[in-house]
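Dear colleague,

Please find below the structure that I am handing over to you. My findings follow directly after it.

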Amino acid sequence: MIDNPNIPQAVRAVAADGTQLRYALMEMAREMEDIITLGRGDPDLPTPPHIIEAANRAMRDGLTGATHVKGMPSLRQAIAEHMRAVNGLALEADNVMVTTGGQEGLFLAVQAVINPGDEILVPDPRYSSYDDAIKRAGGRMVMVPTERDDAFNLEAEAVEAAITPATKALLIVTPSNPTAGIVTEDRLRAIAEVAIRHNLIVIVDEIYGKIVYPPWRHFSIGALPGMAERVITLDAFSKAYAMTGWRCGYVAAPADVIDAMARIKQVTTGPVATVSQWAGLAALTGPQDCVGEYLDIYIQRRAVLLAGLDRMGFAYGEPRGGLFVWADSSSTGIHAAELSYLLLKEGRVLIFPGTAFGEQWRDYVRITMLEPIETLSAAVERMLPVLERYRI
Ligand SMILES: Cc1ncc(COP(=O)(O)O)c(C=O)c1O
């Protein structure tokens, strides 16, 4: 616990409750003008034109009727081929279902696998939607620690140490939201051995899998020997193709797991909007240059942001993939909760504190790269004097 005499008592009081603070910050931001918000999670870049054109064409051609609940056969086939070619998964179209974004894939995967009383291992910190999906299924989330010094990579020993007789599954997210860490191939190989030894199902969220910063590379645990029958791989068009609002994603899993998920989907959301499926088909089968171009933009933004954080004296694990930097402010002598309040009040920069990803992450902030470089640079210039005023 840092005791920083520069932080006014009133600020400490507001910052004390992580959940309330988030609402307090949003409330304050509404009353203020000229705020830079570095909290968003959906790409600010436009959906590439050839994808929009494919959706337009589908509408013009009257291709607007509902599809099978698991998705259009042509799209399921294209997903299977793409995941075979790019991720090395041994898949057929039967192993694929199109979902309403990554969010639904995640929710359905957890409902299909977890029964009341089952434990599921989740890396700490985590994307908080996992909590709700697990709670709905009656499962218990058991956290597996990850460390900044290890760039928030996941360790097989840490996974194995958290296993009990009630452990049913392991959830992996690579690259991670919020940490921007990836789980490297060597670690995934060791984790796969643990999963096989303890008969665990592995749900792997690869929604940021196409946004990995060289020389790091994305690797799919489902491609390893003995894993096809126990891995559910989630992906979506939302991040790599800047298609968050199209609500189109997919899961790949053993056919009986796909059937179990489809039964729930049938009575909840039904098939994904047909126009969005045509857009998804164009994204996967069309030119992939847009993915590389967007990655280049994120690489430049990341450089600006990291240089700024270095100037401010933040510590962070190397962001190896995804769209965020997960930074520790404690080296400046200011807790992240207090800092996020001060940054908004005095710097007009809105950044949510890390407690949204686990109560104990009081020293962390998740800063997004989803603004143009000029905006990120301006945010850094606004933040620096606030840091100088309060650091110890
Ligand atoms: C790790 C992770 N998984 C899944 C999702 C859900 O994505 P979608 O917008 O496709 O529903 C998100 C969204 O931010 C995410 O960060």
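Helix α5, residues 101–113, gives the most to the shell around the ligand, with four residues. Please note that this is a predicted model. The findings are grouped by region below.

**The surroundings of the ligand**

There are 14 residues around the ligand, and those that come nearest are G101, G102, Q103, N177 and S238. By class, the shell divides into five nonpolar residues, eight polar residues and one charged residue.

N177 also takes part in a cis peptide bond, which joins it to P178 with an omega of about 15 degrees. P178 itself lies in the loop between β5 (167–173) and α8 (185–197).

**A second cis peptide bond and two positive phi values**

Another cis peptide bond is found between D124 and P125, where omega is about 5 degrees. The loop that holds P125 runs between β3 (119–124) and α6 (129–136).

Two residues deserve a remark on their backbone angles. A151 is not a glycine, yet its phi is positive, at about 50 degrees. This residue is found in the loop between β4 and α7 (156–161). A151 has 19 C-beta neighbours inside 10 Å and therefore counts as partly exposed, since a buried residue would need 20 or more. N199, likewise a residue other than glycine, has a positive phi near 55 degrees. N199 lies in the loop between α8 and β6 (201–205). Because N199 has 9 C-beta neighbours inside 10 Å, it counts as exposed.

**The open sheet of seven strands**

In what order do the strands of the open sheet of seven strands follow one another? The order is β2-β8-β7-β6-β5-β3-β4, and the pairing is mixed. The edge strands, each of which pairs on one side only, are β2 (96–99) and β4 (140–145). On average, neighbouring strands of this sheet are turned by 20 degrees against each other, with direction ignored.

Within the sheet, strand β7 (residues 231–236) pairs with strand β8 (residues 249–252) in the antiparallel sense, over four bridges. One of the residues involved is A236, whose bridge partner in β8 is G249.

V142 lies in the edge strand β4. With 17 other C-beta atoms within 10 Å, V142 is partly exposed. Its C-alpha atom is 5.9 Å from that of I120, although V142 and I120 are 22 residues apart in sequence. Neighbours within four places in sequence left aside, V142 is in contact with E119, I120, L121 and A162.

**Strand β10 and its partners**

Is strand β10 (residues 324–328) largely enclosed or largely open? Four of its five residues are buried, so β10 is largely enclosed by the rest of the structure. Strand β10 pairs with strand β9 (residues 315–316) in the antiparallel sense, over two bridges. It also pairs with strand β12 (residues 364–368), again in the antiparallel sense, over five bridges. A327 appears in both pairings: it is the bridge partner of Y316, and it stands opposite V365 in β12.

**Two helices in contact**

Two packed helices are described by the angle between their axes and the distance between the axes. For helix α11 (residues 289–312) and helix α13 (residues 373–390), the axes come within 10 Å and cross at roughly 5 degrees. As this angle is under 35 degrees, α11 and α13 are therefore roughly parallel to each other. On the side of α11, the contact is made by Q300, R301, V304, L305, G308, R311 and M312. On the side of α13, it is made by I373, L376, S377, V380, M383, L384 and L387. The residues of this contact comprise nine nonpolar, three polar and two charged ones.

**A residue in helix α2**

The last item concerns Y23, which lies in helix α2 (residues 18–31). Y23 counts as exposed because it has 10 C-beta neighbours inside 10 Å. Along the chain, Y23 and A337 are 314 residues apart, while their C-alpha atoms are separated by 12 Å.

With kind regards

How values were computed
Residues numbered from 1 in each chain as written. Predicted model: local features only at pLDDT ≥ 70, side-chain atom pairs only at ≥ 80, totals over all residues. Pairing = 2+ DSSP bridges. Axes fitted to C-alpha atoms, helices over the stretch in contact; angles between N-to-C directions. Near = placed C-beta within 6 Å. Nonpolar A, V, L, I, M, F, W, Y, C, P; charged D, E, K, R; others polar. Buried ≥ 20, exposed ≤ 12 C-beta atoms within 10 Å, placed from the backbone. Contact = placed C-beta atoms within 7 Å. Parallel < 35°, antiparallel > 145°, perpendicular 65-115°, else oblique.
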